[in-house]
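User: Please take a close look at the surface of this model, and tell me how each residue that you discuss is classed there. I would like one connected account rather than a list.

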Amino acid sequence: MKSLIPSFSDNPKGAYAALAMLGLALILLPLVVGQFGNGPVRLLAMALLYVMLALGLNIVVGYAGLLDLGYVAFYAVGAYMYALLASPHLAENFEWIAKTFPDGMHTSIWLVVPLGAALAAFFGVLLGTPTLRLRGDYLAIVTLGFGEIIRIFMNNLNAPINITNGPQGITKIDAIHVFGLDFSKGIESLGLTSTQMYYYLFLVLAVFIIIVNIRLQDSRVGRAWMAIREDEIAAKAMGINTRNMKLLAFAMGASFGGVSGAMFASFQGFVSPESFVLMESIVIVAMVVLGGMGHIPGVILGAVILYAIPELLRYFDRGVQERLFGHELVAPEALRMLLFGLAMVVIMLRKPEGLWPAPKHGAKPAEAPAAKAA
């Protein structure tokens, strides 16, 4: 509780009451905004997906202090893994798979989620192993290259054997089925649409990832990561196995990215290499840095704001320009990126430690008024 709501550390009842109110608001939110159409609910669902991605990257960047610009690669691995196991693509291109699965490959979510996490974790270790001795800018360049390599592979693995369907992407991806519920249809009896059901699924996964992050932060492993972040040489001198801790950070962060990618593929029903470009990695890193590295509430805030700003501008920028100037003066996409970049510059100038930075270690609480009077 202290890790999530530090200001309520001396008032546990208030903290639990605040969490209960927040939980109730998150449950009712899609029902309220759903009155305005499916678009706002979809925006909320995608915001939760980016929260999961930012929390995964926070383990690598925020806790262990390893600058990773190729995080989108794990997102892509999870997405393509689900797309291949839950679509007719493989059966259409490989005769032996079509014979083995005559009714098609419709992989259960209970297999997809752990498999996506394990596969992405494997790629995380694969990335971490050759980069153990790299730091700072050098590490950033290598991870950036890794992310681009994965994207290029996805873009070109359509010949001589068609595995990923190249730039055309994979379509007809199954929606998720949980306890007999088909997420592509919604629940008419409860008035829930497909998008609202995905929102609640993402909310459950986001809460689970938040709990895992809190437990990791307060564990010996989390403290070892933070020691490496502050001073790797001192951490090694104190007996911390920095090699294993770095690999564990890459693997844990990547696993959350893999799960998020699988959810993205199911939600979209389509994946292509264009969804996993370098800009996606940069935006996710910006969410962690601008929100507050290593601070879970700050990372969540950064993810929501940096995803919401461009998407909200998508709805309003053309109408505002027409009202002010009588016509569209600047292309909406250019204006959105301009305002997005301006927002990041202003935040970094005003709050260089992030919108909601982590409390400083060793900071002493303010003296009570009675003590001052004495």
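Analyst: A cut-off is needed before anything else: a residue counts as buried under 20% relative accessible area, as exposed over 50%, and as partly exposed in between. The model is predicted, with a mean pLDDT of 86 for the protein chain and 93% of its residues at 70 or more. Caution is due at residues 364-374, where pLDDT stays under 50 and the model has 1 contact beyond four places in sequence.

Val330 is a useful place to begin, since its relative accessible area of 34% falls between the two limits and it is therefore classed as partly exposed. The residue lies in the loop between helix 13 (296-325) and helix 14 (332-350). On the surface, Val330 belongs to a nonpolar patch together with Leu312, Tyr315, Phe316, Val320, Leu324, Phe325 and Leu329, and the accessible area of the patch comes to about 810 Å².

Val125, another partly exposed valine with a relative accessible area of 32%, sits in helix 6 (residues 109-128). Once neighbours within four places in sequence are set aside, Val125 is in contact with Leu247 and Ala251. The C-alpha atoms of Val125 and Ala251 are 5.6 Å apart, although 126 residues separate the two along the chain.

Turning to charged side chains, the structure holds 5 salt bridges. In one of them, Lys99 and Glu95 meet with an N to O distance of 3.4 Å, both residues lying in helix 5 (residues 95-100), 4 residues apart, or about one turn of the helix. Lys99 counts as exposed because its relative accessibility of 62% is over 50%, and Glu95, at 57%, is likewise exposed. Within helix 7 (residues 136-156), Arg151 and Glu148 are 3 residues apart, again about one turn of the helix, and their salt bridge has its closest N and O atoms 3.0 Å apart.

Arg229 forms a salt bridge with Glu230 in which the closest N and O atoms are 3.1 Å apart, but the accessibility classes of the two residues have to be given separately: Arg229 is partly exposed at 28%, whereas Glu230 is exposed at 59%. Salt bridges also link Arg135, Glu232 and Lys246 in a network.

The loop between helix 7 and strand 1 (177-178) contains Pro160, which a cis peptide bond joins to Ala159, with omega at about -5 degrees. Asn165 is found in this loop too, with phi near 65 degrees, a positive value in a residue other than glycine. Because its relative accessible area of 19% is under 20%, Asn165 is classed as buried, a result that lies just inside the limit and is best read with that in mind. Lys172, also in the loop between helix 7 and strand 1, has a positive phi of about 60 degrees without being a glycine, yet Lys172 counts as exposed, at 60% relative accessibility.

Helix 8 (residues 194-217) offers a contrast to these open positions, being mostly covered, with 18 of its 24 residues buried. From the first C-alpha of helix 8 to the last, the distance is 34 Å, close to the 34 Å expected at 1.5 Å a residue.

Note on methods:
Residues are numbered from 1 along each chain as its sequence is written. This is a predicted model: local features need pLDDT of at least 70, side-chain atom pairs count only at pLDDT 80 or more; totals for chains, interfaces and linings use all residues. Side-chain values use heavy atoms; hydrogens and water are left out. Helices (H or I, at least four residues) and strands (E, at least two) are DSSP runs, numbered from the N terminus. The expected span of a helix is 1.5 Å times one less than its number of residues. Buried means under 20% relative accessible area, exposed over 50%, partly exposed in between (1.4 Å probe, protein chains only). Patches are made of residues with over 30% relative accessible area and no salt bridge: like charges are joined within 9 Å, nonpolar side chains (Val, Leu, Ile, Met, Phe, Trp, Tyr) within 5 Å. Accessible areas come from the Shrake-Rupley method with a 1.4 Å probe; for residues, only the protein chains shown count as cover. A salt bridge is a side-chain nitrogen of Lys or Arg within 4 Å of a carboxyl oxygen of Asp or Glu. pLDDT is the predictor's confidence in each residue, from 0 to 100. Contact means heavy atoms within 4.5 Å.
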